[in-house]
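Let's take a walk through this one together. Have the sequence and the 3D view open side by side, and we'll go from one stop to the next.

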Amino acid sequence: MCEPTRLEMFLTRLAFFLCGKSVYRTFAERLPLEGGERVLDFGSGMGTVAFYSARRLPKGHLTCLDISKRCLNACRRTLRSYGNVTCLHSDASALGEDSFDVVYSHFVLHDIPKNELERVIPKLTGSLRTGGALIFREPLKDTDKISTIKRLLEKNGLLLKESRVTDIPLMGNALESFYIK
Ligand SMILES: C[S@@+](CC[C@H](N)C(=O)[O-])C[C@H]1O[C@@H](n2cnc3c(N)ncnc32)[C@H](O)[C@@H]1O
């Protein structure tokens with residue numbers, strides 16, 4: 001896999017600094033959390049969403065998983081003050097069955113090639129307990145990829161509960177969908 005450049009890392013950090021509340025916190029605050037859940041942030045990047053979701057889990061646990069070592073090192077730094085977070089350098093193949101109550105993914109799935117999504121999505125849905133929730137937010141312009149993601153989630157036993165389109169600063173329109181297993 002290809003690691004992000006220092007410039008890309010810098011730009012993400014800048015977006016987090018300038019738009020963290022309007023982009024990442026709004027998504028984290030809509031996650032269906034009561035405080036004690038086991039949660040997976042799939043493709044956590046530098047911990048932009050995790051910074052806001054971890055604080056919603058005073059009795060729960062957040063696993064941040066990312067395939068990029070550079071992103072995950074930055075994620076560890078972003079979340080260093082939280083005691084309820086584990087950072088996992090891996091792809092979806094490391095995920096065990098029924099491990100999480102909530103799985104979320106923010107601007108990750110659209111970047112994964114279709115043939116890889118065929119392997120990744122069953123691992124994500126398998127890691128979710130029955131009755132658990134999966135939430136994704138992806139750019140709306142990537143319609144073909146969004147159709148593939150929806151098809152694979154439904155094929156793997158998830159039911160769509162609700163969807164909304166949000167206009168995100170710097171990123172444009174995105175689809176936010178909430179599925180139940
Ligand atoms: C555009 S970034 C989004 C990061 C973060 N979720 C955010 O919204 O700021 C996509 C992230 O997904 C990670 N990623 C891409 N493919 C992955 C895979 N197959 N397994 C795990 N992480 C992956 C990348 O390394 C990158 O950190």
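Which residue forms a salt bridge with glutamate 29? Keep in mind as you look that this is a predicted model. The partner is arginine 25, and the closest N and O atoms of the pair are 3.5 Å apart. You'll find both glutamate 29 and arginine 25 in helix α1, which covers residues 6–30. They sit four residues apart there, about one turn of the helix. If you feel like hunting for others, the structure holds seven salt bridges.

Now swing over to the ligand. The space it takes up is the largest pocket, and 18 residues surround the ligand. The closest of them are Gly43, Thr48, Asp66, His106 and Phe107. As for the character of that shell, it divides into eight nonpolar, seven polar and three charged residues.

Zoom in on the polar atoms next. What does aspartate 66 offer the ligand? An N or O atom in its side chain is 2.6 Å from an oxygen atom of the ligand. Histidine 106 also uses its side chain, with a polar atom 2.7 Å from a ligand oxygen. With isoleucine 67, look to the backbone instead: one of its N or O atoms there lies 3.3 Å from a nitrogen atom of the ligand. And how much of the ligand does the protein bury? Taken alone, the ligand exposes 600 Å², and the protein buries 82% of that.

Conventions:
Residues are numbered from 1 along each chain as its sequence is written. This is a predicted model: local features need pLDDT of at least 70, side-chain atom pairs count only at pLDDT 80 or more; totals for chains, interfaces and linings use all residues. Side-chain values use heavy atoms; hydrogens and water are left out. A residue is near a molecule or strand if one of its heavy atoms lies within 4 Å of it. A polar contact is a pair of N or O atoms within 3.5 Å; within protein, one must be able to donate a hydrogen and the other to accept it, and residues adjacent in sequence count only if both atoms are side-chain atoms. Accessible areas come from the Shrake-Rupley method with a 1.4 Å probe; for residues, only the protein chains shown count as cover. On a 1 Å grid over the protein atoms alone, a cavity is a set of points where a 1.4 Å probe fits but cannot get out, and a pocket is an open set with protein on both sides within 12 Å along at least five of seven lines; lining residues have an atom within 4 Å of a point. A molecule sits in a cavity or pocket if more than half of its atoms lie within 2 Å of its grid points. Ala, Val, Leu, Ile, Met, Phe, Trp, Tyr, Cys and Pro count as nonpolar, Asp, Glu, Lys and Arg as charged, and the others, Gly among them, as polar. A salt bridge is a side-chain nitrogen of Lys or Arg within 4 Å of a carboxyl oxygen of Asp or Glu. Helices (H or I, at least four residues) and strands (E, at least two) are DSSP runs, numbered from the N terminus.
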